[in-house]
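Colleague: I would like a close look at one part of this model, the nonpolar core, and at the pieces of chain that build and surround it. Please take me through it in order.

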Amino acid sequence: MKHTKEYHSKEIVTESGTITVEGPLPSEELANYHFHEGLKAFRPAPKQFEAVQKIADFDEGRILIARTSDTIVGYVTYLYPDPLERWSKFEMEDLLELGAIEVIQDYRGYGIGSWLLKVSMMDDEMEDFIVISTEYYWHWDLSGTGLNIWNYRNVMERMMGAGGLTPYPTDDPEIVSHPANCLMARIGSRVPQSSIDRFEELRFLTRRNYRANRGGL
(Lines give C-alpha, C1' and ligand atoms only; values in the text may rest on other atoms or scores of the structure.)
Protein backbone atom coordinates (compact mmCIF):
# COMPACT_ATOMS: atom_id res chain seq x y z
CA MET A 1 0.00 0.00 0.00
CA LYS A 2 1.40 3.39 -0.99
CA HIS A 3 1.39 5.99 1.76
CA THR A 4 1.03 9.57 0.60
CA LYS A 5 1.39 12.22 3.29
CA GLU A 6 0.01 15.68 2.63
CA TYR A 7 1.24 18.53 4.84
CA HIS A 8 -1.28 20.75 6.64
CA SER A 9 -0.94 23.37 9.36
CA LYS A 10 -2.94 25.59 11.68
CA GLU A 11 -1.84 28.53 13.86
CA ILE A 12 -3.38 28.86 17.31
CA VAL A 13 -3.11 32.11 19.22
CA THR A 14 -2.78 31.62 22.98
CA GLU A 15 -1.97 33.80 25.96
CA SER A 16 1.48 32.22 25.91
CA GLY A 17 2.10 32.99 22.24
CA THR A 18 1.27 31.51 18.86
CA ILE A 19 1.43 27.74 18.46
CA THR A 20 1.82 26.11 15.06
CA VAL A 21 0.17 22.71 14.62
CA GLU A 22 1.59 20.99 11.54
CA GLY A 23 2.48 17.77 9.81
CA PRO A 24 3.06 15.07 8.95
CA LEU A 25 6.77 15.89 9.24
CA PRO A 26 9.81 13.77 8.35
CA SER A 27 12.51 13.07 10.93
CA GLU A 28 14.99 15.49 9.35
CA GLU A 29 12.56 18.36 9.86
CA LEU A 30 11.68 17.28 13.41
CA ALA A 31 15.41 17.38 14.22
CA ASN A 32 15.37 21.17 13.68
CA TYR A 33 13.33 21.64 16.87
CA HIS A 34 13.87 21.21 20.58
CA PHE A 35 11.64 18.56 22.18
CA HIS A 36 10.26 20.01 25.41
CA GLU A 37 11.42 18.18 28.52
CA GLY A 38 7.82 18.11 29.77
CA LEU A 39 6.89 15.57 27.10
CA LYS A 40 7.68 12.58 29.28
CA ALA A 41 4.40 10.70 29.74
CA PHE A 42 5.72 7.55 28.07
CA ARG A 43 9.49 7.74 28.63
CA PRO A 44 12.12 10.45 29.30
CA ALA A 45 11.79 13.25 26.74
CA PRO A 46 15.07 12.56 24.85
CA LYS A 47 14.13 8.89 24.43
CA GLN A 48 10.61 9.78 23.37
CA PHE A 49 11.96 12.23 20.77
CA GLU A 50 14.12 9.44 19.36
CA ALA A 51 11.06 7.19 19.15
CA VAL A 52 8.99 9.92 17.47
CA GLN A 53 11.67 10.52 14.84
CA LYS A 54 11.87 6.79 14.09
CA ILE A 55 8.10 6.61 13.59
CA ALA A 56 8.29 9.56 11.20
CA ASP A 57 10.54 7.49 8.92
CA PHE A 58 8.17 4.49 8.75
CA ASP A 59 6.34 4.23 5.43
CA GLU A 60 3.01 4.52 7.22
CA GLY A 61 4.28 6.64 10.12
CA ARG A 62 2.79 10.08 10.68
CA ILE A 63 3.98 12.65 13.19
CA LEU A 64 2.19 15.93 13.70
CA ILE A 65 3.51 18.47 16.18
CA ALA A 66 2.45 21.56 18.06
CA ARG A 67 5.36 24.00 18.44
CA THR A 68 6.47 27.46 19.33
CA SER A 69 9.06 28.94 16.97
CA ASP A 70 11.66 26.37 17.99
CA THR A 71 10.20 24.01 20.62
CA ILE A 72 7.85 21.05 20.23
CA VAL A 73 5.24 21.29 22.99
CA GLY A 74 2.87 18.58 21.76
CA TYR A 75 2.64 15.78 19.23
CA VAL A 76 0.55 12.91 17.94
CA THR A 77 1.79 9.70 16.31
CA TYR A 78 0.16 7.30 13.85
CA LEU A 79 1.61 3.95 12.79
CA TYR A 80 0.71 0.33 12.27
CA PRO A 81 -0.13 -1.52 15.51
CA ASP A 82 2.72 -3.28 17.30
CA PRO A 83 3.18 -6.86 16.00
CA LEU A 84 2.62 -8.12 19.55
CA GLU A 85 -0.81 -6.46 19.82
CA ARG A 86 -4.07 -8.09 18.80
CA TRP A 87 -4.75 -5.15 16.46
CA SER A 88 -1.98 -6.37 14.14
CA LYS A 89 -3.25 -9.96 13.92
CA PHE A 90 -4.81 -9.64 10.46
CA GLU A 91 -2.03 -7.33 9.19
CA MET A 92 -4.57 -4.89 7.82
CA GLU A 93 -2.86 -2.37 5.55
CA ASP A 94 -5.65 0.13 6.08
CA LEU A 95 -5.65 0.12 9.89
CA LEU A 96 -3.51 2.68 11.72
CA GLU A 97 -3.12 3.18 15.44
CA LEU A 98 -2.95 6.55 17.13
CA GLY A 99 0.00 5.50 19.24
CA ALA A 100 0.48 8.56 21.44
CA ILE A 101 -0.76 12.09 21.94
CA GLU A 102 0.78 14.47 24.44
CA VAL A 103 0.81 18.21 25.24
CA ILE A 104 2.89 19.85 27.96
CA GLN A 105 1.01 21.20 30.97
CA ASP A 106 1.72 24.87 30.18
CA TYR A 107 -0.27 24.64 26.96
CA ARG A 108 -3.20 22.53 28.08
CA GLY A 109 -6.57 24.21 27.98
CA TYR A 110 -6.03 25.75 24.53
CA GLY A 111 -7.46 22.82 22.60
CA ILE A 112 -4.08 21.89 21.16
CA GLY A 113 -4.73 18.16 21.49
CA SER A 114 -7.95 18.57 19.53
CA TRP A 115 -6.17 20.60 16.86
CA LEU A 116 -3.49 17.95 16.49
CA LEU A 117 -6.26 15.52 15.62
CA LYS A 118 -8.17 17.94 13.40
CA VAL A 119 -5.07 18.78 11.37
CA SER A 120 -4.24 15.06 11.13
CA MET A 121 -7.57 14.42 9.43
CA MET A 122 -7.17 17.27 6.93
CA ASP A 123 -5.09 14.86 4.84
CA ASP A 124 -7.49 13.24 2.38
CA GLU A 125 -5.56 9.95 2.53
CA MET A 126 -6.91 9.40 6.03
CA GLU A 127 -10.23 8.56 4.37
CA ASP A 128 -8.58 5.31 3.26
CA PHE A 129 -7.86 4.19 6.83
CA ILE A 130 -9.44 2.90 9.97
CA VAL A 131 -7.72 4.80 12.78
CA ILE A 132 -7.89 3.33 16.28
CA SER A 133 -6.83 4.52 19.70
CA THR A 134 -6.73 2.27 22.77
CA GLU A 135 -7.40 4.28 25.91
CA TYR A 136 -6.21 2.83 29.21
CA TYR A 137 -6.74 4.80 32.41
CA TRP A 138 -3.28 3.87 33.72
CA HIS A 139 -1.73 5.95 30.92
CA TRP A 140 -3.68 9.08 31.84
CA ASP A 141 -2.10 12.03 33.63
CA LEU A 142 -4.59 12.09 36.49
CA SER A 143 -2.17 13.69 38.96
CA GLY A 144 -1.06 16.40 36.54
CA THR A 145 -4.60 17.40 35.63
CA GLY A 146 -6.29 16.87 38.98
CA LEU A 147 -9.15 15.08 37.22
CA ASN A 148 -10.72 11.86 38.38
CA ILE A 149 -10.88 8.88 36.04
CA TRP A 150 -14.34 9.63 34.68
CA ASN A 151 -13.74 13.33 34.10
CA TYR A 152 -10.51 12.47 32.31
CA ARG A 153 -12.36 9.90 30.20
CA ASN A 154 -14.85 12.58 29.19
CA VAL A 155 -12.01 14.94 28.23
CA MET A 156 -10.38 12.19 26.16
CA GLU A 157 -13.63 11.41 24.36
CA ARG A 158 -14.17 15.08 23.46
CA MET A 159 -10.59 15.46 22.25
CA MET A 160 -10.69 12.27 20.18
CA GLY A 161 -14.08 13.33 18.85
CA ALA A 162 -12.41 16.39 17.33
CA GLY A 163 -10.63 13.97 15.01
CA GLY A 164 -13.74 11.94 14.32
CA LEU A 165 -12.90 9.06 16.66
CA THR A 166 -15.77 7.57 18.64
CA PRO A 167 -16.03 4.67 21.13
CA TYR A 168 -16.39 1.17 19.67
CA PRO A 169 -17.26 -2.00 21.59
CA THR A 170 -14.65 -4.74 21.89
CA ASP A 171 -13.92 -7.80 23.99
CA ASP A 172 -10.20 -7.03 24.24
CA PRO A 173 -9.21 -8.24 27.75
CA GLU A 174 -7.13 -5.18 28.61
CA ILE A 175 -9.86 -2.78 27.62
CA VAL A 176 -12.66 -4.65 29.39
CA SER A 177 -10.50 -4.98 32.52
CA HIS A 178 -11.74 -1.55 33.66
CA PRO A 179 -14.94 0.30 32.67
CA ALA A 180 -13.02 3.55 32.05
CA ASN A 181 -10.87 1.96 29.36
CA CYS A 182 -12.15 2.13 25.80
CA LEU A 183 -11.41 1.56 22.15
CA MET A 184 -11.95 4.58 19.93
CA ALA A 185 -11.92 4.54 16.16
CA ARG A 186 -12.55 6.51 13.01
CA ILE A 187 -13.50 4.69 9.82
CA GLY A 188 -12.53 6.66 6.73
CA SER A 189 -15.15 7.28 4.07
CA ARG A 190 -13.33 5.17 1.47
CA VAL A 191 -12.62 2.15 3.67
CA PRO A 192 -14.14 -0.90 1.92
CA GLN A 193 -16.83 -2.96 3.60
CA SER A 194 -14.47 -5.95 3.65
CA SER A 195 -12.10 -4.03 5.94
CA ILE A 196 -14.97 -2.83 8.13
CA ASP A 197 -16.08 -6.43 8.55
CA ARG A 198 -12.52 -7.50 9.31
CA PHE A 199 -12.27 -4.76 11.90
CA GLU A 200 -15.42 -6.01 13.62
CA GLU A 201 -13.97 -9.50 13.68
CA LEU A 202 -10.78 -8.11 15.18
CA ARG A 203 -12.68 -6.22 17.87
CA PHE A 204 -14.35 -9.44 19.02
CA LEU A 205 -11.39 -11.73 18.59
CA THR A 206 -11.79 -13.30 22.04
CA ARG A 207 -15.34 -14.36 21.21
CA ARG A 208 -14.18 -15.65 17.81
CA ASN A 209 -11.41 -17.72 19.36
CA TYR A 210 -13.80 -19.11 21.97
CA ARG A 211 -16.21 -20.25 19.31
CA ALA A 212 -13.37 -21.80 17.30
CA ASN A 213 -12.24 -23.75 20.36
CA ARG A 214 -15.84 -24.93 20.87
CA GLY A 215 -15.99 -26.23 17.33
CA GLY A 216 -18.11 -23.34 16.10
CA LEU A 217 -20.94 -23.95 18.54
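Modeller: The largest nonpolar core has 47 residues, and L30, Y78, L116 and M160 are the ones that touch the most other members. At least two core residues come from each of strand 2 (17-23), helix 2 (45-56), strand 4 (62-67), strand 5 (71-79), strand 6 (95-103), helix 3 (112-120), helix 5 (149-162) and strand 9 (182-187). The biggest contribution is that of strand 5, which gives six residues. Keep in mind throughout that this is a predicted model. As a general point, nonpolar side chains in soluble globular proteins tend to be buried together.

L30 is a good place to start. Beyond its neighbours within four places in sequence, L30 is in contact with L25, F49, V52, Q53, A56, I63, I65 and I72. Another core lies apart from the largest one; this other core has 14 residues, including F90, I130, I175 and F199.

Next, strand 5. V73 lies in this strand, and V73 counts as buried because its relative accessible area is 2%, under the 20% limit. Not counting residues up to four places away in sequence, V73 touches I19, L39, A66, R67, T68, E102, V103, I104 and Y107. The C-alpha atom of V73 is separated by 9.9 Å from that of T20, although the two residues are 53 apart along the chain.

Y75 brings in the aromatic side chains. The structure holds seven aromatic pairs. One of them joins F35 and Y75 in a tilted arrangement, with 5.7 Å from centre to centre and 40 degrees between the planes. F35 is in strand 3 (residues 34-35) and Y75 is in strand 5, so this pair ties together parts that are 40 residues apart in sequence. Both rings belong to buried residues: F35 has 6% relative accessibility, and Y75 has 0%. F49 joins F35 and Y75 in one aromatic cluster; F49 is also among the contacts of L30.

Strand 5 is paired with strand 6. The two run antiparallel and are joined by six bridges, one of which links L79 to its partner E97 in strand 6. Eight of the nine residues of strand 6 are buried, so this strand is largely enclosed by the rest of the structure. Strand 6 also pairs with strand 7 (residues 130-135), this time in parallel, through three bridges. L95 has I130 in strand 7 as its bridge partner, and I130 is one of the residues of the 14-residue core.

Strand 2 has its own set of partners. Five of its seven residues are buried, so strand 2 too is largely enclosed by the rest of the structure. Strand 1 and strand 2 form a hairpin with two residues between them. They run antiparallel and share seven bridges, with S9 partnered by E22 in strand 2. Strand 2 is also antiparallel to strand 4, through three bridges. Here E22 appears again, with I65 of strand 4 as its bridge partner; I65 is one of the residues in contact with L30.

Helix 3 supplies L116, one of the residues that touch the most other core members. This helix is mostly covered, with seven of its nine residues buried. Those seven are I112, G113, S114, L116, L117, V119 and S120. They pack against strand 1 (8-14), strand 2, strand 4, strand 5, strand 6 and helix 5.

Two arginines involve aromatic residues of the 14-residue core. The charged end of R198 sits over the ring of F90, at 3.6 Å from the ring centre. R203 lies over the face of F199, 5.1 Å from the centre of that ring. F90 and F199 are both among the members of that core.

As for the record, an unreviewed UniProt entry carries the annotation "domain: N-acetyltransferase" over residues 19-189. Over that stretch the chain is 27% helix and 27% strand, with the end C-alpha atoms 30 Å apart.

Technical notes: Residues are numbered from 1 along each chain as its sequence is written. This is a predicted model: local features need pLDDT of at least 70, side-chain atom pairs count only at pLDDT 80 or more; totals for chains, interfaces and linings use all residues. Side-chain values use heavy atoms; hydrogens and water are left out. A nonpolar core is a set of buried Ala, Val, Leu, Ile, Met, Phe, Trp, Tyr and Cys residues joined through side-chain atoms within 4.5 Å. Buried means under 20% relative accessible area, exposed over 50%, partly exposed in between (1.4 Å probe, protein chains only). Helices (H or I, at least four residues) and strands (E, at least two) are DSSP runs, numbered from the N terminus. Contact means heavy atoms within 4.5 Å. UniProt positions are given in the numbering used here, feature names are shortened, and annotations may be inferred rather than shown by experiment. Rings of Phe, Tyr and Trp (its six-membered ring) pair if their centres lie within 6.5 Å; planes under 30 degrees apart count as stacked, over 60 as edge-to-face and the rest as tilted. A charge sits over a ring if NZ of Lys or CZ of Arg is within 6 Å of the ring centre and within 35 degrees of the ring normal. Two strands pair if DSSP finds at least two bridges between them.
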